[in-house]
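Student: I've got a new model open and I'd like to learn how to read it, feature by feature. Can you walk me through it?

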Amino acid sequence: MQLTELNAVSPIDGRYRGKTKSLSAYFSEEALIKYRVLVEVEYFIAMCEYNVPQLQGVDKNLFGKLRGIYENFSTEDALWIKETEKTTNHDVKAVEYFIKKKFDEFGLEAFKEFIHFGLTSQDINNTAIPLSAKEAFENVYLPSLIAIVQKLKELATEWKDIPLLARTHGQPASPTRLGKEILVFVERIEEQMRLLFNVPFAAKFGGATGNYNAHKVAYPNHDWKAFGSQFVEETLGLRHSFPTTQIEHYDHFAAYFDALKRINTIVIDLDRDIWTYVSMDYFKQKIKAGEIGSSAMPHKVNPIDFENSEGNLGIANAIFEHLSAKLPLSRLQRDLTDSTVLRNIGVPIGHTLIAFEATLKGLNKLLLNEPKFAEDLEKNWAVVAEAIQTILRREGYPNPYEALKDLTRTNTVINKDSIHAFIETLNVSDDIKTELKAITPSNYLGI
């Protein structure tokens, strides 16, 4: 059976394929193989440039041709490697044999034993995987997140002067501005982005148990630690972890996944707030011709985008949590559990992309129902009690909080008339009474 959007087990590769296909270039099996080829080829080139005696005869003019092995890597190449893996039962060794075949084609047979020289498979995996994750982060994830932040900034500016009845514990509270409430999410996300940018994409590179044993025994006078750091950091653009065991310790990866999880949690909070505002009729949603809101109730326009986002972010965070908790743990020099877990990095990022697109789509559909804002403010004059009692405190009035509490903490309706009537009973000057009467739920907004 050929894999299609209808028979895929995962919705990432099925229903939502159109939203996640950009990740295939970084997290698919073919992508992993390609990144392994890249690391192997660049390692060989770096060895040539490091004055390894037996490699001095390699024509540097061939480096471009060697890089073409991964730059022009095809599905057919990946299939050849997968077919070879059936015999080797080792994925990285199959990559090595593929490159050796290319060396035969290029007339470099004399040098092909320096492919994967002195390395273990994790030197390749622990550079290929963080490199692919780094490039996916830069090319796919960040643009998606930045699009949400940019939209929120636009809405915060557009709605900066819209008075909003705030709610604490679900109850009417001191008024605020809608734009400011949106800006809170901008600041929260951007602060987490600043922390995220400080997390390096780290890579292990140091031989079978991290000590360059094979390199050192073959060429004892070479500084292999310096070579490894230069290769990982300058050639691949990653952080070189040293010392390590056979594998990367994944502490930085854990921090990265935790940071993505925190950003997702903030977006979930945004989704839930906007969903609630829609339920309160503060927002209408743009209607698309032919679209069905409910199979039974024709009048409904459900906030499905925010619900879709919340659900996908929940799945993403559950997997991010497992990745960050599991990957730093490995028995002694190494166990194999990291290998299968690492293959799932693209899954939570896929669910995150689906969610981000849904949130952005939902934000673009919002229509401000401004009369509802004004209506709720007018129905809740009790919220100016804080302002009145604060001014009375300023004036040294006796027991102002208690006086306002007696007025407002009842089951009777509090409105403009009852507030103004109360003000008239106060033993304060006419100027203070005028100041107090000027306060309304719509202008008691703070900074």
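Tutor: Sure. Keep in mind that this is a predicted model. Let's begin with Lys372, which sits in helix α15, residues 370–378.

Student: Is Lys372 buried or exposed?

Tutor: The idea is to compare the relative accessible area with a cut-off: under 20% is buried, over 50% is exposed, and anything in between is partly exposed. Lys372 comes out at 18%, so it counts as buried.

Student: And which residues does Lys372 contact, leaving aside its neighbours within four places in sequence?

Tutor: Met280, Asp281 and Tyr282. Hold on to Asp281, since that residue has a backbone feature of its own: a positive phi of about 70°, although it is not a glycine.

Student: Why should I care about the sign of phi?

Tutor: Most residues other than glycine have a negative phi. Asp281 goes the other way, and its place is the loop between α11 and β5, the latter being residues 283–285. With a relative accessible area of 28%, Asp281 falls in the partly exposed class.

Student: Which other residue has a positive phi of about 70° although it is not a glycine?

Tutor: Tyr250. You'll find it in the loop between β4 and α11. Its relative accessibility is 2%, so Tyr250 counts as buried.

Student: What about the peptide bonds, where should I look?

Tutor: Here the general expectation is that most peptide bonds are trans. In this model, the bond from Phe242 to Pro243 is cis, with omega near 0°. Pro243 belongs to the loop between β4 (239–241) and α11 (251–279).

Student: Gln246 is in the loop between β4 and α11 too. Which residues does Gln246 touch, not counting those up to four places away in sequence?

Tutor: Quite a list: Thr120, Gln122, Asn126, Lys204, Ala208, Thr209, Gln333 and Arg334. For a reading of distance, try Gln246 and Ala318: they are 72 residues apart along the chain, and their C-alpha atoms are separated by 28 Å.

Student: How do I use sequence separation next to distance in space?

Tutor: Put the two numbers side by side for a few pairs. Leu196 and Ala255 are 59 residues apart in sequence and 8.3 Å apart, C-alpha to C-alpha. For Asn139 and Ala94, the values are 45 residues and 29 Å.

Student: What surrounds Leu196?

Tutor: Leu196 lies in helix α8, residues 178–197. Beyond residues up to four places away in sequence, Leu196 touches Phe137, Tyr141, Tyr256, Ala259, Leu260 and Ile263. Its relative accessible area is 3%, so it is buried. Asn139, over in helix α7, is partly exposed at 45%.

Student: Now the voids. How many cavities of 30 Å³ or more does the structure hold?

Tutor: Two. For each one, check the volume, then ask who lines it. The largest has a volume of about 50 Å³, and its lining consists of Leu32, Arg36, Gln122, Asn125, Ile129, Asp338, Ser339, Leu342 and Arg343.

Student: Which helices each supply at least two residues of that lining?

Tutor: α3 (29–49), α7 (121–158) and α13 (337–342). By class, the lining has three nonpolar, three polar and three charged residues.

Student: And what about the second largest cavity?

Tutor: That one holds about 30 Å³ of space. Pro130, Pro200, Phe201, Ala202, Glu248, Tyr250, His252 and Phe253 line it, so you meet Tyr250 again, the residue with the positive phi. The classes here are six nonpolar, one polar and one charged.

Student: Let's zoom out. How do I read the overall shape?

Tutor: Begin with the inventory: the protein chain has 19 helices and six strands. Then compare the radius of gyration with the globule rule: it is 31 Å, well over the 22 Å the rule gives for 447 residues, so the chain is more spread out than a compact globule. Along the principal axes, the C-alpha atoms fill a box of roughly 100 × 55 × 40 Å.

Student: What share of the residues counts as buried?

Tutor: 49% of the 447. The chain exposes about 22200 Å², with carbon and sulfur atoms supplying 52% of that. As for contacts between residues at least 6 apart in sequence, 77% join residues at least 24 apart.

Conventions:
Residues numbered from 1 in each chain as written. Predicted model: local features only at pLDDT ≥ 70, side-chain atom pairs only at ≥ 80, totals over all residues. Heavy atoms only, no water. 1 Å grid on protein atoms, 1.4 Å probe; cavity = no way out; pocket = protein on both sides within 12 Å on 5 of 7 lines; lining within 4 Å. Points joined across faces, edges and corners; volume = space filled by probe spheres on them. Helix = DSSP H or I, 4+ residues; strand = E, 2+ residues; numbered from the N terminus. Nonpolar A, V, L, I, M, F, W, Y, C, P; charged D, E, K, R; others polar. Rg over C-alpha atoms; globule rule 2.2 N^0.38 Å. Buried < 20%, exposed > 50% of the residue type's maximum accessible area, 1.4 Å probe, protein only. Contact = heavy atoms within 4.5 Å. Areas by Shrake-Rupley, 256 points an atom, 1.4 Å probe, with all protein chains shown as cover.
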